[in-house]
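Visitor: I would like a close look at the charged side chains here and at how they pair up. Please take your time, and set each pair in its surroundings as you go.

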Amino acid sequence: MKVLSIEIMSNSAGMLIIDGDQSTYSVTNLGKLLSIPKEDNSIKDIIEFQTNFSKHLQNQNIDRVVLCEGGNDSKKMRVRMEFAVLSECEKQSIDYKTYPTGSCTRLINSTYKKETGREFSDDLVKNALPKYMGKALVAGWRFLE
């Protein structure tokens, strides 16, 4: 299974492609490919973000999109960007799941090691991922089949 895992961070979307199953997977860090201006954004900025996300989706061969939702960032902007992501998935009939950031934290702190026998931090290092991509990794991992 191939998953595009996304976490909205501040004004950008951190993205990973996770391919495999829960026991054996590979990760491609797409980084923070898409963003909107940090200053007071308009609906036009959100529409442009959604258009760019749409083009990005069309270039991927994925089975599912996983959105790590919530967090403490600028709420209005984050919610709008999350809405644009989910709207585009609906529009393109792409299977998607959402997973709350609080649940990601619990997975990182307890469930991941129980289910894999590995430390989560070791898998971040193995996949050359910065710590801030941890929630995107664990949310995508959660929905691998």
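Guide: Let us begin with Glu 119, which is partly exposed, having a relative accessible area of 36%. Please keep in mind that what you are looking at is a predicted model. The partner of Glu 119 is Lys 113, and the two side chains meet in a salt bridge in which N and O are 2.6 Å apart. Lys 113 is itself partly exposed, since its relative accessible area is 43%, a value that falls between the 20% under which a residue counts as buried and the 50% over which it counts as exposed.

Another pair joins Asp 123 to Arg 118, and here the closest N and O atoms lie 2.9 Å from each other. On one side of this salt bridge, Asp 123 counts as buried because its relative accessibility is 2%, while on the other side Arg 118 is partly exposed, with a relative accessible area of 23%.

The next pair, Glu 88 with Lys 91, is also a salt bridge, with 3.7 Å between the closest N and O atoms. That distance qualifies because the cut-off for a salt bridge is 4 Å between a side-chain nitrogen of Lys or Arg and a carboxyl oxygen of Asp or Glu. Both residues belong to helix α2, which covers residues 75–91, and because they are three residues apart there, about one helical turn separates them. Their surroundings are of opposite kinds: Glu 88 counts as buried at 2% relative accessibility, whereas Lys 91 is exposed, with a relative accessible area of 62%.

Beyond these pairs there is a network of salt bridges that links Arg 64, Asp 95 and Glu 145. A search of the whole structure finds six salt bridges.

A charged residue without such a partner is worth a pause, and Glu 7, in strand β1 (residues 2–9), gives us one. Glu 7 is buried and yet takes part in no salt bridge, the nearest side chain of opposite charge being that of Lys 135, at 5.1 Å. A salt bridge requires the nitrogen and the oxygen to be within 4 Å, and therefore a distance of 5.1 Å does not qualify. Apart from neighbours within four places in sequence, the residues in contact with Glu 7 include Ser 12, Ala 13, Gly 14, Cys 68, Thr 101 and Tyr 132. Lys 135 and Ala 136 are also among the contacts of Glu 7.

Ala 136 leads us into helix α5, residues 134–142, which is mostly covered, with seven of its nine residues buried. Among these buried residues are Gly 134 and Ala 136, and further along the helix Val 138, Ala 139 and Trp 141.

From Ala 139 we can look across to a negative residue, Asp 19: the two are 120 residues apart along the chain, but their C-alpha atoms are separated by 13 Å. Asp 19 has its place in strand β2, residues 12–20, and is partly exposed, with a relative accessible area of 33%. If residues up to four places away in sequence are not counted, Asp 19 touches Met 1, Lys 2, Thr 24, Tyr 25 and Ser 26.

Now step back and place these charges in the whole. The protein has 20 positive and 19 negative charges, and the mean positions of the two groups are 4 Å apart. Its secondary structure consists of five helices and five strands, arranged from the N terminus in the order β-β-β-α-β-α-β-α-α-α. The radius of gyration is 15 Å, close to the 15 Å given by the globule rule for 145 residues, and so the protein is as compact as a globular protein of that length. Taken along the principal axes, the C-alpha atoms fill a box of roughly 45 × 30 × 20 Å.

Of the 145 residues, 48% are buried. The accessible surface comes to about 7,400 Å², and carbon and sulfur atoms account for 47% of that area. Finally, if you take the contacts with a separation of 6 or more, 67% of them are between residues 24 or more positions apart.

Notes: Residues are numbered from 1 along each chain as its sequence is written. This is a predicted model: local features need pLDDT of at least 70, side-chain atom pairs count only at pLDDT 80 or more; totals for chains, interfaces and linings use all residues. Side-chain values use heavy atoms; hydrogens and water are left out. Helices (H or I, at least four residues) and strands (E, at least two) are DSSP runs, numbered from the N terminus. Buried means under 20% relative accessible area, exposed over 50%, partly exposed in between (1.4 Å probe, protein chains only). Lys and Arg count as positive and Asp and Glu as negative; His and the chain ends are not counted. Contact means heavy atoms within 4.5 Å. The radius of gyration is taken over C-alpha atoms; the globule rule is 2.2 Å times the number of residues to the power 0.38. Accessible areas come from the Shrake-Rupley method with a 1.4 Å probe; for residues, only the protein chains shown count as cover. The place of a charge is taken as NZ of Lys, CZ of Arg, CG of Asp or CD of Glu.
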